Amino acid sequence: RSGRSGASRSDPAQRRAALLIGPRQVGKSVLLRQVAVELLRAGWPAANLTYFDFEDHRLGRAAGELDPALVEQHLPEGHREELPRVLLLDEVHRANGWDLWLKKLVDRERGPGRPGVRVLATDSAASMLRHGTRESGQGRWDEIRILGLTFGEYLMLLSRGPETPEQTLQRNPQELERYLAKGGFPEHVHVEPSSELWWKIREDVASRTVSQDLFVSASRGADERLDVERLRRLFVMLVQDSGAIFGATERATDLGAHRTTVSSWLALLEDACLVHRIEPYQPTSRAGLPSAKSRLARKPKIHAAEHGLVPAFVLSAYPMKE
């Protein structure tokens, strides 16, 4: 998925860490544990695997002060030095100076004759924006975006034994409607759509991301704080009108903000994996470039990045019935 071959991964000069990023509740932590299970099944020595959750409640306030180098330096008993070590780091953004540590680790491990340390970590797209680490990781780690389940994946989790997704849908023809009402969040697969579920989506996914993860200095000045309340209002507007044409001027009027500010807020929501922008088709000129007139006249459509957000914020929780 990173777009690199196995050969380049084994070359120390090309070796990088991997960072799983995405919105909350899409299964990044579960995937990290599944990687550990698969490595053990493949015969990897358990002592060469280290899983560490920087968001573990037992760490308390110490999580933000924890040096990730301490996790690396702690060698479990039975560790085999002739084999690479695998660090599986969950919610790595909680660690103090994790990006600088990871950059130094990757540079060090590119030296010849090293069994190496492989790093697979999870982080939220929003927290990467907050800490400004996206640019600092260039050349050191690959970003792998994790989004919600597709309908096919959703059906696979509901299948019985050797049942195919098509057979599962034939057995439960209402699953498409339930999938649209709940979204592609893995933990909601076996849960019935309800007001409690939509409240949880609003609080755990949307409100926490907007209110906490995106509480950063605004891009137009280090001393200006992001207007979280109006950013939240913009997000709700976009989700409620998912698929609608976006006009920055109209939204700026609704929010009482400047047009360029609203455009920067939209970019922030996009980078946080909360909404997607779909640009309209633009006819090209004879030079092969979009004409100036088409660039100015056409506006993009904005969609909720996770369709399960839509019923959580609109009056109708069953869009297929509309």
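Which residue of β4 does Leu20 stand opposite? It's Thr122. That pair is a good way into this structure, which is a predicted model, and β4 will keep turning up as we go.

**The overall picture**

Let's step back for a moment. The protein has 322 residues, and buried ones make up 42% of them. Its chain forms 14 helices and 8 strands. What share of the contacts between residues at least 6 apart in sequence joins residues at least 24 apart? The share is 69%.

**The sheet with five strands**

Now for the sheet that holds β4. Five strands make up this open sheet, and reading across it gives the order β2-β3-β4-β1-β5, with parallel pairing. Which strands stand at the edges? They are β2 (49-53) and β5 (141-145); each has a single partner strand, so one side of each is left without a neighbour in the sheet. Neighbouring strands here are turned by 15° against each other on average, if you ignore direction.

In that order, β4 sits between β3 and β1. On one side, β4 pairs with β3 (residues 85-90) in the parallel sense, over 5 bridges. Leu88 has Leu120 in β4 as its bridge partner. With β1, β4 again pairs in the parallel sense over 5 bridges, and this is where our opening pair belongs, with Leu20 opposite Thr122.

Is β4 largely enclosed or left open? Count its residues: 7 of the 8 are buried, so β4 is largely enclosed by the rest of the structure. A helix also comes into play: α4 lies across β1 (17-22), β3, β4 and β5, and runs at about 155° to β4.

If you're tracing side chains along a strand, here's a handy rule. In a regular strand the side chains alternate between the two faces of the sheet.

**The sheet with three strands**

There's another open sheet, with 3 strands in the order β6-β8-β7 and antiparallel pairing. At its edges stand β6 (244-245) and β7, each with a single partner strand, so one side of each has no neighbour in the sheet. The antiparallel pairing of β6 with β8 (residues 301-304) runs over 2 bridges. In that pairing, Ile245 stands opposite Lys301 in β8. Helix α12 lies across β7 and β8, at about 110° to β7.

Just after α12 comes a residue worth finding. Ala272 is in the loop between α12 (259-271) and β7 (275-278). Is Ala272 buried or exposed? Its relative accessibility is 2%, and buried means under 20%, so Ala272 counts as buried. Try finding Ser124 as well: 148 residues separate Ala272 and Ser124 along the chain, yet their C-alpha atoms are 7.8 Å apart.

**Empty spaces**

How do you look for gaps in a structure like this? Rolling a probe the size of a water molecule over the atoms shows where empty space is left. Searching the whole structure turns up 4 cavities of 30 Å³ or more. Here is how the largest cavity and the largest pocket look by volume and by lining.

| Item | Largest cavity | Largest pocket |
|---|---|---|
| Volume | about 70 Å³ | about 740 Å³ |
| Lining residues | 10 residues | 28 residues |
| Nonpolar | 5 residues | 8 residues |
| Polar | no residues | 7 residues |
| Charged | 5 residues | 13 residues |

Who lines the cavity? Arg15, Arg16, Ala17, Val106 and Val117 are the lining residues closest to its centre. Both α4 (98-109) and β4 (117-124) supply at least two residues of this lining, so to speak of β4 once more.

For the largest pocket, the lining residues closest to the centre are Val26, Gly27, Lys28, Ser29 and Val30. Three helices, α2 (28-41), α6 (151-158) and α9 (195-213), each give at least two residues to the pocket lining. Which element supplies the largest share of that lining? That would be α2, with 6 residues.

Conventions. Residues numbered from 1 in each chain as written. Predicted model: local features only at pLDDT ≥ 70, side-chain atom pairs only at ≥ 80, totals over all residues. Heavy atoms only, no water. 1 Å grid on protein atoms, 1.4 Å probe; cavity = no way out; pocket = protein on both sides within 12 Å on 5 of 7 lines; lining within 4 Å. Points joined across faces, edges and corners; volume = space filled by probe spheres on them. Helix = DSSP H or I, 4+ residues; strand = E, 2+ residues; numbered from the N terminus. Nonpolar A, V, L, I, M, F, W, Y, C, P; charged D, E, K, R; others polar. Pairing = 2+ DSSP bridges. Axes fitted to C-alpha atoms, helices over the stretch in contact; angles between N-to-C directions. Contact = heavy atoms within 4.5 Å. Buried < 20%, exposed > 50% of the residue type's maximum accessible area, 1.4 Å probe, protein only.
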